[in-house]
Amino acid sequence: MSPDPAAERRDVQLLLRIGLGTAAVLMGTGLLAALASGPQPSPPLQIGDLWHRDLALSVRLCGIGILVLSATPAVRVIALIVLWVRERDWKYAAVAVAVAAVLTLAVALGSRG
Amino acid sequence: MVIVPLLAIGFGVNIRYAIGASLISVIATSSGAAAAFVREGYTNIRLGMFLEIATTTGALVGAFVAGLVSTQWIALVFAAVLLHSAYLSGRPRAEHISHDMSDRWARWLALNSTYPAPEGLQPYGVQHVPLGFGLMFVAGVLSGLLGIGSGAVKVLAMDNAMRLPFKVSTTTSNFMIGVTAAASAGVYLRRGYIDPGLSFSVMLGVLAGALVGARLLPLVHARWLRILFSLVVVTLAIEMVYKALTGRI
């Protein structure tokens with residue numbers, strides 16, 4: 001299968017818009033929840049805190065929205081891996097896998113130090 | 001670039017949380033702009049992905065170093081980057097388009113490409129790929145350390161070293177910034193340096209400011225914008241140095 005630059009551009013654009021849109025909806029809903037319920041403590045969060053039972057809904061929604069936003073570029077990388085594997089462009093599939101590996105390492109090692 | 005010093009100096013926010021908030025706003029604005037630019041055909045996606053190996057690795061290193069060094073040292077490095085940006089903004093940006101397609105690395109990685117121009121698709125060749133890769137690593141380290149997009153270093157790499165057309169380097173750099181910032185944001189999220197309320201507020205403010213700025217841009221002479229930008233940035237840099245040396249940051 002030969003490279004299809006137009007498909008690359010179209011898929012990347014679509015993924016970025018979906019990620020941004022989802023994050024915007026989550027954070028916007030969190031903002032509305034904050035306005036409805038009044039000021040809530042908004043401590044700095046670690047990823048695991050987002051699922052804590054006592055966390056205010058507005059803070060949880062904002063936090064998940066931030067997580068979705070932060071993950072959007074990574075999802076874009078994964079989508080390009082899939083696209084380049086389908087096109088049998090092994091060189092660039094390997095490039096994208098290397099980028100994904102560094103991103104994974106960033107999250108995995110982030111809890112140390 | 002001004003978010004971190006404004007939060008740290010103006011609002012007394014711990015510089016690490018200021019960097020976390022800045023990273024989130026960088027991802028948001030970069031992803032939004034990339035979604036618009038990538039379809040137009042200026043962005044060299046393959047070049048961007050290849051250089052992202054360097055920027056994300058650099059960002060990982062920078063984010064780790066940020067956790068080890070004192071906030072005073074971070075502020076001093078930030079001040080140096082601000083002064084460099086002020087210096088670059090005062091210089092005209094020269095375009096160095098290359099039609100030389102012979103670079104070994106560019107040919108092996110199929111990096112040479114075309115960009116849309118009024119006269120049709122124009123070819124360009126990518127030069128000095130290893131040098132550009134190294135400069136992108138430095139850009140990544142600064143991004144992870146300071147929570148910025150490192151546009152100044154990326155411009156240096158893409159315009160001067162790799163000889164890309166302006167619109168290709170700008171859009172490809174913008175395409176890469178989101179992934180670079182995401183690498184650092186992953187570290188900051190795991191360490192609890194992301195304040196959702198602060199990050200969301202900063203992101204909303206930056207997006208609103210960008211919309212207003214886009215409306216005002218045609219009304220303001222570029223020379224005055226450059227002067228204003230340089231004044232603001234130099235003032236912030238001096239403030240950062242003062243607070244770092246007196247231990248107030």
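Where in chain B does B:His128 lie? B:His128 sits in the loop between S2 and H6 of chain B, and we'll come back to its backbone further down. Keep in mind that this is a predicted model. Chain A is built from 3 helices and 0 strands, while chain B has a hairpin that joins S1(B) to S2(B). The two chains touch, with 39 residues from chain A and 41 residues from chain B taking part.

**Chain A and its contact with chain B**

- Going along the sequence, chain A reads α-α-α.
- Of the 113 residues in chain A, 35% are buried.
- Looking at chain A contacts with a separation of 6 or more, 64% come from residues 24 or more positions apart.
- On to the contact with chain B, which uses 39 residues of chain A and 41 residues of chain B. Helix H1 (5–37), helix H2 (57–86) and helix H3 (90–109) of chain A each put in at least two residues on the chain A side.
- Sorted by class, that side of chain A has 25 nonpolar, 10 polar and 4 charged residues.

**The hairpin in chain B**

- Strand S1 (residues 113–117) and strand S2 (residues 120–124) of chain B run antiparallel and are joined by 5 bridges.
- The hairpin gets from S1(B) to S2(B) through 2 residues.
- Two facing pairs to look for are B:Thr114 opposite B:Pro123 and B:Pro116 opposite B:Leu121.
- As background, side chains in a regular strand alternate between the two faces of the sheet.

**Helices H1 and H2 of chain B**

- The axes of helix H1 (residues 3–10) and helix H2 (residues 15–37) of chain B come within 9 Å and cross at roughly 145°.
- H1(B) passes H2(B) in a right-handed crossing.
- From H1(B), the contact is made by B:Ile3, B:Val4, B:Leu7 and B:Ala8, and from H2(B) by B:Ile15, B:Ala18, B:Ile19, B:Ala21, B:Ser22 and B:Ser25.
- Those contact residues split into 8 nonpolar, 2 polar and no charged.

**Helix H4 of chain B**

- Helix H4 (residues 71–89) of chain B has 19 residues and reaches 27 Å from its first C-alpha to its last, close to the 27 Å expected at 1.5 Å a residue.
- Its buried residues include B:Ile74, B:Val77, B:Phe78, B:Val81, B:Leu82 and B:Ser85.
- For reading a list like that, it helps that an α-helix has 3.6 residues a turn, so residues three or four places apart point the same way.

**B:Phe137 in helix H6**

- B:Phe137 lies in helix H6 (residues 129–146) of chain B.
- Why does B:Phe137 count as buried? It counts as buried because B:Phe137 has 20 C-beta neighbours inside 10 Å.
- Leaving out residues up to four places away in sequence, B:Phe137 touches B:Ala54, B:Thr57 and B:Gly58.
- B:Phe137 and B:Gly192 are 55 residues apart in sequence and 25 Å apart in space, C-alpha to C-alpha.

**Two residues with positive phi**

- Most residues other than glycine have a negative phi.
- B:Ala110 has a positive phi, near 55°, and is found in the loop between helix H5 (104–108) and S1 of chain B.
- B:Ala110 has 15 other C-beta atoms within 10 Å, so B:Ala110 is partly exposed.
- Back to B:His128, whose phi is also positive, near 45°.
- B:His128 counts as partly exposed because B:His128 has 18 C-beta neighbours inside 10 Å.

Technical notes:
Residues are numbered from 1 along each chain as its sequence is written. Chains are lettered from A and ligands numbered from 1 in the order in which they are written. This is a predicted model: local features need pLDDT of at least 70, side-chain atom pairs count only at pLDDT 80 or more; totals for chains, interfaces and linings use all residues. Helices (H or I, at least four residues) and strands (E, at least two) are DSSP runs, numbered from the N terminus. A residue is buried if 20 or more other C-beta atoms lie within 10 Å of its own, exposed if 12 or fewer, and partly exposed in between; C-beta atoms are placed from the backbone. Two residues are in contact if their C-beta atoms, placed from the backbone, lie within 7 Å. Two strands pair if DSSP finds at least two bridges between them. The expected span of a helix is 1.5 Å times one less than its number of residues. Axes are lines fitted to C-alpha atoms, for helices over the stretch in contact, and angles run from 0 to 180 degrees between N-to-C directions. A crossing is left-handed if the near helix is turned anticlockwise from the far one by less than a right angle, and right-handed if clockwise. Ala, Val, Leu, Ile, Met, Phe, Trp, Tyr, Cys and Pro count as nonpolar, Asp, Glu, Lys and Arg as charged, and the others, Gly among them, as polar.
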